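Here are my notes on this model, jotted down as numbered points. Have the viewer open while you read.

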Amino acid sequence: MKHLYEANDNYQNYILIRDFDRDEDDTIICDWDLSEDEVQTIKEAFDRGEYDEKDCVSDDAEWMTWEQAQKQFNSITEL
């Protein structure tokens, strides 16, 4: 099962996907520096099953643990 999150640091926002079917490295950054409308569009696509880790902006995106994500960002909110 996959969950979609918006994370923030001191500079910008990020879209994260956490895949509970994966082992330890279950979280990936898919996009960043988005407007509220762009975040909403991604959420709607995710809810329809049309957005996942294959849609990541960066080809070299790497999976990390949920704990690493929590340390990296100031806040993480499920969408």
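**Notes on the core and a few aspartates**

1. Let's start inside. The largest nonpolar core has 12 residues: L4, I15, I17, I28, C30, L34, V39, I42, A45, F46, Y51 and C56. Two or more of these residues come from each of β2 (13-19), β3 (27-32) and α1 (36-47). Helix α1 gives the largest share, with four residues. Keep in mind that this is a predicted model.

2. A second core lies apart from the one above; it has nine residues, and Y5, A7, M64 and A69 are among them. Worth colouring the two separately when you look.

3. Who does L34 touch once its neighbours within four places in sequence are set aside? The partners are N13, I15, V39 and I42. Of these, I15, V39 and I42 are, like L34, listed in the largest nonpolar core.

4. Now the overall layout. The protein chain has two helices and four strands, and these run β-β-β-α-α-β along the sequence. Its radius of gyration is 12 Å, close to the 12 Å from the globule rule for 79 residues, so the chain is as compact as a globular protein of that length. If you're setting up a box, the C-alpha trace spans about 30 × 30 × 25 Å along its principal axes.

5. On burial and contacts: 39% of the 79 residues in the protein chain are buried. Take the contacts between residues at least 6 apart in sequence, and 57% of them join residues at least 24 apart. The accessible surface of the chain comes to about 5100 Å², and carbon and sulfur atoms account for 40% of that.

6. Charges next, since you'll be assigning them anyway. The protein chain carries 7 positive and 24 negative charges, and the mean positions of the two sets are 5 Å apart. The next three points each take one aspartate.

7. Is D19 buried or exposed? With a relative accessibility of 8%, D19 is under the 20% cut-off and therefore counts as buried. This residue belongs to strand β2. Beyond four places in sequence, D19 touches M1, K2, D26 and W63. The pairing with M1 spans 18 residues of sequence, yet the C-alpha atoms of D19 and M1 are 5.8 Å apart.

8. D33 is one for the backbone checks. Its phi is near 55°, which is a positive value in a residue other than glycine. D33 sits in the loop between β3 and α1. What is its relative accessible area? The value is 53%, over the 50% cut-off, so D33 is exposed.

9. D55 belongs to the loop between α1 and α2 (66-72). At a relative accessible area of 37%, D55 is partly exposed, because that value falls between the 20% and 50% cut-offs. Leaving out neighbours within four places in sequence, D55 is in contact with C30 and E50. C30, for its part, is listed in the largest nonpolar core. D55 and D31 are 24 residues apart along the chain, with 8.7 Å between their C-alpha atoms.

10. To put the three aspartates side by side: D19 is buried at 8%, D55 is partly exposed at 37%, and D33 is exposed at 53%. As for where they sit, D19 is in strand β2, D33 is in the loop between β3 and α1, and D55 is in the loop between α1 and α2.

How values were computed:
Residues are numbered from 1 along each chain as its sequence is written. This is a predicted model: local features need pLDDT of at least 70, side-chain atom pairs count only at pLDDT 80 or more; totals for chains, interfaces and linings use all residues. Side-chain values use heavy atoms; hydrogens and water are left out. The radius of gyration is taken over C-alpha atoms; the globule rule is 2.2 Å times the number of residues to the power 0.38. Buried means under 20% relative accessible area, exposed over 50%, partly exposed in between (1.4 Å probe, protein chains only). Contact means heavy atoms within 4.5 Å. Accessible areas come from the Shrake-Rupley method with a 1.4 Å probe; for residues, only the protein chains shown count as cover. Lys and Arg count as positive and Asp and Glu as negative; His and the chain ends are not counted. The place of a charge is taken as NZ of Lys, CZ of Arg, CG of Asp or CD of Glu. A nonpolar core is a set of buried Ala, Val, Leu, Ile, Met, Phe, Trp, Tyr and Cys residues joined through side-chain atoms within 4.5 Å.
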